[in-house]
Amino acid sequence: MEIILPVLTSFFAFIVIITLITYTVRIIPQSNAYVVERLGAYHRTLERGLHFVIPILDRVAGHVSLKEQVYDFAPQPVITKDNVTMMIDTVVYFQILDPKLYVYGVVRPIQAIENLSATTLRNIIGDLELDETLTSREIINTKMRVILDEATDPWGIKVNRVEVKNILPPKDIQEAMEKQMRAERERRSVILTAEGEKRAAILKAEGEKESVILRAVAKKESMITEAEGQAQALERVYKAQAYGVEIINKSKPEQAYLTLKGLESLEKVANGNATKIIIPSEIQNLAGLIASVKGLSEDDKK
């Protein structure tokens with residue numbers, strides 16, 4: 001009996017020590033905060049690190065994560081200004097800045113944010129028509145973020161961003177929008193085809209025009225080149241003839257030589273296609289003289 005009592009005493013003392021350590025020592029992880037109450041009233045907020053609390057007197061009233069949180073709320077039915085009912089769901093990004101206000105500010109804060117998001121969305125969409133709703137996501141996001149951020153300040157919550165995830169109009173309106181979209185695509189296709197054909201015709205006409213111009217320019221240059229060649233040829237012929245005449249004049253030819261050259265020219269004329277040839281009397285006398293000279297030369301040879 002004397003041995004059992006010390007053992008039991010040591011055992012109970014060990015349990016008491018473990019219990020005191022368990023309820024006294026608090027190690028707070030990074031990006032977390034504990035809200036501590038003492039005798040039922042707020043006492044302090046424990047941030048990351050090692051802390052000590054008094055058992056029985058102190059109680060942890062809430063564990064709060066300081067990380068940015070994301071909640072995807074279920075689609076909400078909303079009515080536009082032109083009385084079209086559609087389903088819209090939103091995604092809210094928020095962060096707890098004041099753990100005390102978060103714990104004591106509102107009951108079930110996430111549900112409160114969801115209800116506030118739904119009512120705010122209905123108010124904003126109620127001022128927009130269907131077409132504006134489908135094309136004004138950025139405006140809706142900005143307005144919702146400003147309103148939610150202001151409304152959640154007393155809860156210690158900072159709303160960083162709000163995104164409209166899906167906008168689902170009624171089925172009949174979706175079908176009408178799809179038909180309109182197909183018609184618009186077909187219209188754009190027809191316009192693009194017509195513009196392509198027009199551009200092709202213009203390019204073809206411009207090509208033919210340039211081809212005609214180039215052919216005309218080439219023909220013009222060819223004729224100019226040919227005329228210049230003929231002119232140069234005639235110029236050289238005339239220069240050669242002038243040079244020949246100049247040589248003859250410098251040599252001072254006798255009358256007999258000139259007469260002989262005239263006869264050679266007359267011979268060429270006689271070989272032509274002319275049916276009648278008129279010979280001057282001077283040339284006839286000269287021809288008789290040449291014939292006499294020729295006869296005398298032949299008699300001398302005999």
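A helix here is a DSSP run of H or I with at least four residues, numbered from the N terminus. Keep that in mind. The model is predicted.

Start with helix α1. This helix covers residues 4–24, and F14 lies in it. Now look at the surface. F14, I15, I17, I18 and I21 make a nonpolar patch there. The patch has an area of about 440 Å².

Next, two helices that pack together. How do we describe such a pair? We use the angle between the two axes and the distance between them. Take α3, residues 109–125, and α5, residues 137–151. Their angle is about 135 degrees. Their axes are 10 Å apart. Angles between 115 and 145 degrees count as oblique, so α3 and α5 are oblique to each other. Their crossing is right-handed.

Which residues meet? On the α3 side, they include L116, L121 and I125. On the α5 side, they include I140, M144 and L148.

Last, salt bridges. The structure holds eight. One of them joins R38 and D58, with the closest N and O atoms 2.5 Å apart. R38 sits in strand β2 and D58 in strand β5, so this pair ties together parts 20 residues apart in sequence.

Notes: Residues are numbered from 1 along each chain as its sequence is written. This is a predicted model: local features need pLDDT of at least 70, side-chain atom pairs count only at pLDDT 80 or more; totals for chains, interfaces and linings use all residues. Side-chain values use heavy atoms; hydrogens and water are left out. Patches are made of residues with over 30% relative accessible area and no salt bridge: like charges are joined within 9 Å, nonpolar side chains (Val, Leu, Ile, Met, Phe, Trp, Tyr) within 5 Å. Accessible areas come from the Shrake-Rupley method with a 1.4 Å probe; for residues, only the protein chains shown count as cover. A salt bridge is a side-chain nitrogen of Lys or Arg within 4 Å of a carboxyl oxygen of Asp or Glu. Helices (H or I, at least four residues) and strands (E, at least two) are DSSP runs, numbered from the N terminus. Axes are lines fitted to C-alpha atoms, for helices over the stretch in contact, and angles run from 0 to 180 degrees between N-to-C directions. Angles under 35 degrees count as roughly parallel, over 145 as roughly antiparallel, 65 to 115 as roughly perpendicular and the rest as oblique. A crossing is left-handed if the near helix is turned anticlockwise from the far one by less than a right angle, and right-handed if clockwise. Contact means heavy atoms within 4.5 Å.
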